[in-house]
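Trainee: I would like a close look at one part of this model, and then at how that part sits within the whole chain. Please keep the terms explicit, with their cut-offs.

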Amino acid sequence: MSRCIIRRVGVLGAGVMGAQIAAHFANAGYPVLLFDLASEGQEKSAIAKKAIGLLHKLKPLPLVEPSVTAYMEACNYDTDTAKLAQCDLVIEAVAEKLEIKQSLFKQVAAHLSEHAIFVTNTSGLSINTLAEQLPESLRPRFCGVHFFNPPRYMKLVELIPHEATNPALLDALETFLVSHLGKGVLRAKDTPNFIANRVGVFSMLATLIHAQALDIPLEVVDALTGTLIGRAKSATLRTIDVVGLDTLAHVVVTMEQHCDICPWHKHYQLPKWYQSLVQAGALGQKTRKGIYVKQGKAIHVY
């Protein structure tokens, strides 16, 4: 397998990340089937259809121009899974919960073509564990391809094999991601949260721990950890809002459960005020309320 021949892409999960990954492929001119749960009523693909519509409202804008949504087709798992046979590349981007991903794998595996590449966008779950749910014939064509949020703008993609991944597939995928999507690829081992989240989430947790110990207001935390030190203007807490408070929480749980040999293990937990926001459904940009919330022209901080 010297190169990937990708003509049509399937994306499983029309949440913030899945919809934007689908948009980035559409930006590059690839027809995309965007899947999510079926809705009641006549419009079975209403969830995915709504996600495509919302792409015009997100900031930063995931679309190079509004017309590229014409490349995107809203689908649902109840009536459209047979369409996955049309796809050369299928990307899973559902919630970061092992049982949800494993259940979906069982549901869609039989519908994939014999040449299709199947990848997961997990930010840190074990690729080997996920691969166990797949038929043996599909396992050589499976690996992790972890995009970062927002995928149109974040250059990095992590490429993570499992024990049975065909090495030639990794070479072909890397070439495709660089040449056709403009990405920079970093190959990672199948360790908890791979490379970027292992380092980045530790940095965020360390920032939160020191901020609480020194009683530094949250808006000051972002003022100190953004452009002032050469980082993105979203700094620490605004970045968490963009990523999703629940998404970060899942990543932290993975570290807490699987990185017990780390000397910083006792710090792999989120403060109570953060947990209260998650419990209240204030998950950041996708719910329009998180650590920050905009009311009129004013921006308030927790």
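Trainee: Where is the place of P150 in the chain?

Mentor: P150 is placed in the loop between β6 (142–147) and β7 (156–160), where helices (H or I, at least four residues) and strands (E, at least two) are DSSP runs numbered from the N terminus. Please keep in mind that this is a predicted model, in which local features need pLDDT of at least 70 and side-chain atom pairs count only at pLDDT 80 or more, whereas totals for chains, interfaces and linings use all residues. Residues are numbered from 1 along each chain as its sequence is written, and side-chain values use heavy atoms, with hydrogens and water left out.

What draws attention to P150 is the bond before it: N149 and P150 are joined by a cis peptide bond with omega of about 0°. A cis peptide bond also joins K59 and P60, with omega of about -5°, and P60 is likewise in a loop, between α2 (46–54) and β3 (72–76). As background, most peptide bonds are trans, and most residues other than glycine have a negative phi.

That second point leads to two further loop residues. F194, although not a glycine, has a positive phi of about 55°, and it lies in the loop between β8 (184–187) and α6 (196–213). R288, also a residue other than glycine, has a positive phi near 60° and is found in the loop between α10 (272–279) and β9. Their surroundings are opposite: F194 is buried, with a relative accessible area of 3%, while R288 is exposed, at 65%; buried here means under 20% relative accessible area, exposed over 50%, and partly exposed in between, with a 1.4 Å probe and protein chains only.

Strand β9 (residues 292–295) runs antiparallel to strand β10 (residues 298–301), and four bridges join them; strands are said to pair if DSSP finds at least two bridges between them. Within this pairing, V293 has H300 in β10 as its bridge partner, and in the hairpin, which has two residues between the strands, G296 takes a positive phi near 65°.

Stepping back to the whole chain, these loops belong to a fold with ten helices and ten strands. Its radius of gyration, 19 Å, is close to the 19 Å that the globule rule gives for 302 residues, so the chain is as compact as a globular protein of that length; the radius is taken over C-alpha atoms, and the rule is 2.2 Å times the number of residues to the power 0.38. Of the 302 residues, 49% count as buried.
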